[in-house]
Amino acid sequence: MSFFSLLLNVLWILFGGLWMALGWWVAAIIMAITIIGLPWARAAFNIGFYAFLPFGQTAISRDVYTGRDDVGTGALGTIGNIIWFVLAGWWLALAHLITAVGLAITIIGIPFAWAHLKLAGIALWPIGKMIVPTDDLRHT
């Protein structure tokens with residue numbers, strides 16, 4: 001992780017990133033307790049880690065990154081993502097989008113607004129995605 005990414009992540013954590021990540025993790029635990037929500041719990045845990053340290057990381061489809069399909073990147077993953085989108089994804093993405101617009105008003109808030117936009121994108125369709133360091137993408 002570059003110094004700039006580290007600095008942005010520290011500022012992110014201090015100014016709300018920790019609470020955002022904790023919110024995702026609490027949601028993941030609630031989903032896991034229901035047992036039916038296990039596929040979404042895994043996605044929520046991944047998003048929580050991404051929400052904790054968004055700078056220097058990116059979300060990418062597992063089949064693109066690994067070169068092979070799995071349950072989350074196939075038809076079952078698509079069905080799971082549709083259910084996720086209807087029940088939680090659209091309003092989570094909307095919340096990130098609204099926060100991003102508010103942050104983008106200030107110059108200092110622009111990097112944090114960008115992080116919220118990245119989180120909004122993954123909040124819409126999380127199953128079958130993985131979080132990887134952006135440095136890994138340069139080597140593939």
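This section describes helix packing, selected residues and pockets in a predicted model.

Two packed helices are described by the angle between their axes and the distance between the axes. For α1 and α2, the axes come within 8 Å and cross at roughly 170°. Because angles over 145 degrees count as roughly antiparallel, α1 and α2 are assigned to that class with respect to each other. On the α1 side, the contact is made by W12, I13, G17, L18, M20, A21, W24, W25, A28, I29, M31 and A32. The α2 side contributes L38, W40, A41, A44, F45, I47, G48, F49, A51 and F52. By class, the residues joining α1 to α2 comprise 20 nonpolar and two polar, with no charged residue.

Helix α2 also packs against helix α5, which spans residues 110-124. Here the angle is about 175°, and the axes lie 11 Å apart. The arrangement of α2 relative to α5 is therefore roughly antiparallel. In this contact, I47, Y50 and A51 of α2 meet K118, L119, I122 and A123 of α5. The contact of α2 with α5 holds six nonpolar residues and one charged residue, and no polar ones. Residues I47 and A51 of α2 take part in the contact with α1, and both also take part in the contact with α5.

Two residues of α2 illustrate the packing against α1. A44 lies in helix α2 and has a relative accessible area of 0%, so A44 counts as buried. Apart from neighbours within four places in sequence, A44 is in contact with W24, W25, A28 and M31, each of which belongs to the α1 part of the helix contact. The C-alpha atoms of A44 and A32 are 9.9 Å apart, with a sequence separation of 12 residues. G48 is likewise a residue of helix α2. G48 is buried, its relative accessible area being 0%. Beyond four places in sequence, the contacts of G48 are with A21, W24 and W25. Between G48 and H116, the C-alpha separation is 13 Å, across 68 residues of sequence. W24 and W25 thus appear among the contacts of A44 and among those of G48.

Other residues show differing degrees of accessibility. L7, a residue of helix α1, is partly exposed, with a relative accessible area of 39%. L7 and F55 are 48 residues apart in sequence, and their C-alpha atoms are 9.1 Å apart in space. In the loop between α1 and α2 lies I35, whose phi is near 65°, a positive value in a residue other than glycine. I35 counts as exposed, at 60% relative accessibility. N81, by contrast, is located in helix α4 and is buried, with a relative accessible area of 1%. When neighbours within four places in sequence are left aside, N81 is in contact with L124, W125, P126 and I127.

The pocket analysis identified a largest pocket containing about 240 Å³ of space. Its lining consists of 17 residues, of which P39, G72, G77, I127 and G128 lie nearest the centre of the pocket. The elements giving two or more residues to this lining are α2 (38-52) and α4 (75-104). In terms of residue class, the lining of the largest pocket has nine nonpolar, five polar and three charged residues. I127 links this pocket to the residues described above, since I127 is one of the lining residues nearest the centre and is also among the contacts of the buried N81.

The second largest pocket has a volume of about 170 Å³. Its lining is formed by M20, G23, W24, A27, M31, W84, A88, W91, L92, A95 and H96. Two or more of these residues come from each of α1 (3-33) and α4, and α4 gives the most, with six residues. The lining of the second largest pocket comprises nine nonpolar and two polar residues, and no charged residue. Among the lining residues, M20, W24 and M31 also belong to the contact of α1 with α2. W24 and M31 are, in addition, contacts of A44.

Definitions and conventions. Residues are numbered from 1 along each chain as its sequence is written. This is a predicted model: local features need pLDDT of at least 70, side-chain atom pairs count only at pLDDT 80 or more; totals for chains, interfaces and linings use all residues. Side-chain values use heavy atoms; hydrogens and water are left out. On a 1 Å grid over the protein atoms alone, a cavity is a set of points where a 1.4 Å probe fits but cannot get out, and a pocket is an open set with protein on both sides within 12 Å along at least five of seven lines; lining residues have an atom within 4 Å of a point. Grid points are joined across faces, edges and corners, and a volume is the space filled by probe spheres set on the points. Helices (H or I, at least four residues) and strands (E, at least two) are DSSP runs, numbered from the N terminus. Ala, Val, Leu, Ile, Met, Phe, Trp, Tyr, Cys and Pro count as nonpolar, Asp, Glu, Lys and Arg as charged, and the others, Gly among them, as polar. Axes are lines fitted to C-alpha atoms, for helices over the stretch in contact, and angles run from 0 to 180 degrees between N-to-C directions. Angles under 35 degrees count as roughly parallel, over 145 as roughly antiparallel, 65 to 115 as roughly perpendicular and the rest as oblique. Contact means heavy atoms within 4.5 Å. Buried means under 20% relative accessible area, exposed over 50%, partly exposed in between (1.4 Å probe, protein chains only).
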